[in-house]
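Reader: I'd like to go through the labels on this one and ask what backs each of them. Can you walk me through it?

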Amino acid sequence: MSGSNLIEVQSVSFAYDQRPVLKNINLVVPRGKVVSIMGGSGCGKTTLLRLIGGQLKPSSGSVKVDGESVETLSASQLTRLRRKMGMLFQMGALFTDLNVYENIAFQMREHTDLPEAIIYDLVMMKLHAVGLHGAYKLMPSELSGGMARRVALARAIALDPMLIMYDEPFAGLDPISLGVIGILIRKLNDALGATSIVVTHDVQESLKIVDYVYMVSDGVVVAEGTAEEIRSSTLPFVHQFVWGETDGPVAFHYPSESYSDLLLGRTL
Amino acid sequence: MRAIIRIPASIGHYVNDRLWRLGYASRFLFIILIQSGTCLIRPRLVLRETYFIGVQSLIIILVSGMFVGLVLGLQMYDTLERFGSGEGVGTVVALALVRELGPVLSALLFASRAGTAVTAEIGLMKTTEQLSAMEMMAIEPVARVIAPRFWAGIISLPLLTSMFNVMGIFGGYLVGVKLLGVDEGIFWSQMQATVDFREDVLNGIIKSVVFAVAVIMIAVFEGYNSPPTAEGVSAATTRAVVTSSLAILALDFVLTAFMFRGI
């Protein structure tokens, strides 16, 4: 572990009530890189993001962001740290009562005393970066899924964060929007000199843009490596996940008693 | 045997759950009060919510107030006339409105018009992760979303109650004076002589402030704690209006007992 890592997750475990979600996880995110955390639905990916963002506290272990242990920070320290973070939520999470312009200006108005003219220029620059400066007057309800995601991306980078977190940025998008979002994640990360974490289960799209991949299953990291290493992995879980096979260590059927017993009503 | 254990166990569980929720709500109220500094620094936030919560409830309050006054005028005149004191209709309408009907009915209407809107809005903000997004932007959702609505509710309801009372008295005037022919001078002078500002009007306004705290607190609490699903928001909205209505009626009894009976 060194100063070159922006995030260090050390032996972190987390449980919702009695249900363990993460089990002794270790991972690092080097500065300036785009790192993907992949895994099936419910494997704990989003929980990991929430732990990094300080919205949840680990049951054990430590999450360090920029050298600070998130779980030990006071509310004001956490607020200060979060100002250096941007997050893109799964469905965008745009403020539905504000138009596109106001959504992006929101953080600037809350956290800075910039004059309106400067805010206007900054908002337009952010919107231009995601190709939507022409949509600044639209309300969130008037945007397509892909456009909403791009506006949310512009909002996430509003204050030029050092860390950008993406929670399922590709979910529910058409192929064109999917490609656009992928390219934007990579380009914005490099242009801003930021560090990005992409939580996704969209393997093919994310492997095109990321530097490093962690694969999580059942609360533990089961594989890690570069995109190429993941693609060529012979580990059964990784192979099944990358190539979307129905047969493999991840069973198609939810665990249950004998099917024939259920059909014959013996267990009722 | 199992049922014998199960019934008290489920009652105990229910009581425990209610008490826990009450404690949680009290803690939430405390957090709102602590986080209310933003509202003082940026009163525009409260002003904006006062428009949505208060001004937009005005129509239903004014129309209801008018009809309540009209009906009250008719009913009271009919009853009073049996004792030969029909001209006292103004006094009775005014006292009934400022002491009781104004605060209670306005609060019930406010709970169903504004309270449900607040619960549903906050619940949906939670469901669509807008509150989480705010938190991740280092903006405290309680300070930015909850507290302005809370204070807007407390400002709005007493004002709406006053409007309700004015419209109700005007309705009583229309029925009593214009329709049934009660002398206008007697109508107003009796009302002026009988209705006491401190005893009647001020107590009515105090009631509406208490109702406002209860209604808006329940509305924001239910919205903020609703499960982030369509079903969860729907259940929270229903719970908000039912709990608010019962709270208004129960509080009204307690307040009336203290204010007008001197218990």
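Author: Let's begin with a term: buried area is the accessible area, taken with a 1.4 Å probe, that two parts lose on being put together, summed over both. Keep in mind that this is a predicted model. By that yardstick, about 1700 Å² is buried between chain A and chain B, and carbon and sulfur atoms give 56% of that area.

Reader: Which residues of chain A supply 28% of the area that chain A buries against chain B?

Author: Those are A:R82, A:F95 and A:E110, and no other three residues supply more. In terms of contacts, 22 residues of chain A meet 14 residues of chain B.

Reader: What makes the pair B:R42 and A:E110 a salt bridge?

Author: The cut-off is 4 Å between a side-chain nitrogen of Lys or Arg and a carboxyl oxygen of Asp or Glu. For B:R42 and A:E110 the N to O distance is 2.9 Å, so the pair passes the 4 Å limit. The count between chain A and chain B is 4 salt bridges, and over all chains it comes to 27.

Reader: Why are A:R186 and A:D190 said to be about one helical turn apart?

Author: Both sit in helix α6 (residues 175-192) of chain A, 4 residues apart, which is why the separation is about one helical turn. An α-helix has 3.6 residues a turn, so residues three or four places apart point the same way. The closest N and O atoms of A:R186 and A:D190 are 3.0 Å apart, and the two form a salt bridge.

Reader: Which salt bridge does A:R231 form, and how far apart are the closest N and O atoms?

Author: A:R231 pairs with A:E228, at 3.2 Å. These two are 3 residues apart in helix α8 (residues 227-231) of chain A, again about one helical turn.

Reader: How do you know whether B:E121 and B:R149 are buried or exposed?

Author: Buried means under 20% relative accessible area, exposed means over 50%, and partly exposed is in between. B:R149 has 4%, so B:R149 counts as buried. B:E121 has 31%, so B:E121 is partly exposed.

Reader: And what do B:E121 and B:R149 tie together?

Author: Their salt bridge has its closest N and O atoms 3.0 Å apart. B:E121 lies in helix α5 of chain B and B:R149 in helix α7 (residues 141-179) of chain B, so the pair ties together parts that are 28 residues apart in sequence. Both also belong to a network of salt bridges with A:D97, B:R48 and B:E49.

Reader: Why is B:Y14 called exposed?

Author: The threshold is over 50%, and B:Y14 has a relative accessible area of 51%, so B:Y14 is exposed. B:Y14 lies in helix α1 (residues 2-34) of chain B. Along with B:I7, B:I11, B:V15, B:L19 and B:L22, B:Y14 forms a nonpolar patch on the surface, with about 630 Å² of accessible area together.

Reader: What about the inside: how many residues does the largest nonpolar core have?

Author: That core has 62 residues, and B:F28, B:I32, B:I122 and B:I146 have the most contacts inside it. Helix α5 (residues 89-127) of chain B gives the largest share, 14 residues. A second, separate core has 49 residues, including A:L132 and A:F237.

Terms used
Residues are numbered from 1 along each chain as its sequence is written. Chains are lettered from A and ligands numbered from 1 in the order in which they are written. This is a predicted model: local features need pLDDT of at least 70, side-chain atom pairs count only at pLDDT 80 or more; totals for chains, interfaces and linings use all residues. Side-chain values use heavy atoms; hydrogens and water are left out. Patches are made of residues with over 30% relative accessible area and no salt bridge: like charges are joined within 9 Å, nonpolar side chains (Val, Leu, Ile, Met, Phe, Trp, Tyr) within 5 Å. Accessible areas come from the Shrake-Rupley method with a 1.4 Å probe; for residues, only the protein chains shown count as cover. Buried means under 20% relative accessible area, exposed over 50%, partly exposed in between (1.4 Å probe, protein chains only). A nonpolar core is a set of buried Ala, Val, Leu, Ile, Met, Phe, Trp, Tyr and Cys residues joined through side-chain atoms within 4.5 Å. Contact means heavy atoms within 4.5 Å.
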